[in-house]
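Thanks for making the time this morning. I would like to walk through one model, starting at the ligand and moving outwards from there, so please keep the structure open in front of you.

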Amino acid sequence: MTNKVVIGAQWGDEGKAKITDLLAQDADLIIRYQGGCNAGHTVVANGKTFKFHLIPSGILYKGKTCLIGNGTVVLPEAFQEEIEGLKSENIDLSGLKISPLASITMPWHTEVDGYSENTAGKGKIGTTKKGIGPTYTDKMNRIGLKIGDLYSPEALSEKLDVILPVKNKQLKELFNLKTYTKEEVLELCDKYAQIFKPYVCFDWQELLRGMKKEGKRILFEGAQGVMLDVDFGTYPFVTSSNPISGGAATGSGYGPKVIDEVIGVAKAYVTRVGEGPFVTELNDKTGEEIRNIGHEFGVTTGRPRRCGWFDAVTMKYACLVGGLTSVALTKIDVFDTFDEIKICTAYKDTRNGKIYTSYPEDVYIHKYLEPVYETHQGWKKDISRIKKYEDLPLNCRKYLERLEEILETPISVVSVGADREQTIFKN
Ligand code: IMP
């Protein structure tokens, strides 16, 4: 196996966890490189459903090293809950490690996230309220805490003397929220230090160096998706990290040359949670049908997901900025009963008829855009038990091959159900 990155190629929830889970079988080291517990990854293994938020799902296999990388933000209570859940299922956690350089989500981060969402009015992003944006903001503003700080009392004390006056001023004056004393925060940090202690990987440099030197197989696990990327997504309606494959380098400790392949996971349709533009969104019976057949409700928040037809304009963009070498197409079985399936190949500006075949980054014009579709005949057959690409119905293969043609990127995996076995590896 070559070293691979698995990223979401749409707005998250593409079924990355299943693909990562399958690839993790052949990996030695699995690294989650960005995001936090805003992510919700569902894996069905041996008839059981596991829900992951931060811990790489590769932990389900014995003998793998799973690293939560420096690029992540970690809410200690959520991490603890996830650990407890896995322990109660007798999952071996001896391979789990967390970078001392990962950022800590403090209580004020979740409080500010909640406050901002509730008072933003038209500026509402529809975040998961897990404190993601405020934690990354403080990291970039150089007033964040990292996990390693918890084990260095002198540095922690000095940092808090700098951070707390700034933070308390912001909390009080900008948000009218509760402020924190140093004693309170030290007490919290003590609690957090206990939570993380068994997993902190202080020798992460030796780990990464050793794995590379020994030719071990590395799998980088992205969360969210390209269209939620803080640089390339539908800004400002995005998350605050880099889900693109480039994020795997900054968020793991390896340089980009360690990566051989980038697999972009996309659903055969599109979903989105939260606010923001979505040109192919269907607010009709078809959208409802996709939501119900595809069980499109959020793992982290339970929110119904917005649904729409496959958008090849954003997907072509994702192939470029995400650096995809292939696509893993999931949930194609959701269309088994459909007479017709549509692919959006371009956008039309309703103001002047202008056609966009490349993604227009100015999201404020998206409300004027309507999708230009091509229509494909459905296959009207249950494909969920098919194991070989050649056995897929002709209309289904035609649809897949048309997608490859438009995207100029091969499809390497077709997923026809939630179970590990319901996966077709093409070529
Ligand atoms: P945040 O990441 O909680 O700040 O939320 C920012 C945007 O990203 C919102 O639209 C969220 O709904 C979306 N988002 C964050 N994580 C996920 C995910 O794992 N799947 C889908 N959408 C997500």
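Which of the 17 residues around the ligand come nearest? They are D13, N38, T128, T239 and R303, and I should say at once that we are looking at a predicted model.

Let me take the polar contacts in turn. A polar atom in the side chain of D13 sits 3.1 Å from a nitrogen atom of the ligand, while an N or O atom in the side chain of R303 is likewise placed 3.1 Å from an oxygen atom of the ligand. The backbone takes part too, since an N or O atom of the main chain of V273 lies 3.2 Å from a ligand oxygen. As for burial, the ligand taken alone exposes 470 Å², and the protein buries 96% of that. If we sort the residues of the shell by character, we find seven nonpolar, eight polar and two charged.

Now to the sheet. Nine strands make up an open sheet with mixed pairing, and their order is β7-β5-β2-β9-β1-β10-β13-β17-β18. At the edges are β7, residues 96–98, and β18, residues 423–425, each of which pairs on one side only. From one strand to the next, the twist averages 20°. Within this sheet, β10 (residues 261–267) and β13 (residues 326–330) run parallel and are joined by five bridges, with G264 standing opposite V327 in β13.

Strand β10 also brings us to the charged pairs, of which the model has 24 that count as salt bridges. In one of them, the side chains of K267 and E296 meet with an N to O distance of 2.9 Å. Because K267 belongs to strand β10 and E296 to the loop between α9 (285–293) and β12 (306–311), this pair ties together parts that are 29 residues apart in sequence.

Finally, some backbone details that you may want to check before setting anything up. The peptide bond joining Y235 and P236 is cis, with omega at about 10°, and P236 is found in the loop between β9 (218–221) and α8 (246–250). K380, although not a glycine, has a positive phi of about 50°, and its place is in the loop between β16 (369–377) and α11 (394–407). E408, also a residue other than glycine, has a positive phi near 55°, and E408 is located in the loop between α11 and β17 (411–415).

Methods. Residues numbered from 1 in each chain as written. Predicted model: local features only at pLDDT ≥ 70, side-chain atom pairs only at ≥ 80, totals over all residues. Heavy atoms only, no water. Near = heavy atom within 4 Å. Polar contact = N/O pair within 3.5 Å; in protein donor to acceptor, adjacent residues only side chain to side chain. Areas by Shrake-Rupley, 256 points an atom, 1.4 Å probe, with all protein chains shown as cover. Nonpolar A, V, L, I, M, F, W, Y, C, P; charged D, E, K, R; others polar. Pairing = 2+ DSSP bridges. Helix = DSSP H or I, 4+ residues; strand = E, 2+ residues; numbered from the N terminus. Axes fitted to C-alpha atoms, helices over the stretch in contact; angles between N-to-C directions. Salt bridge = Lys/Arg side-chain N within 4 Å of Asp/Glu carboxyl O.
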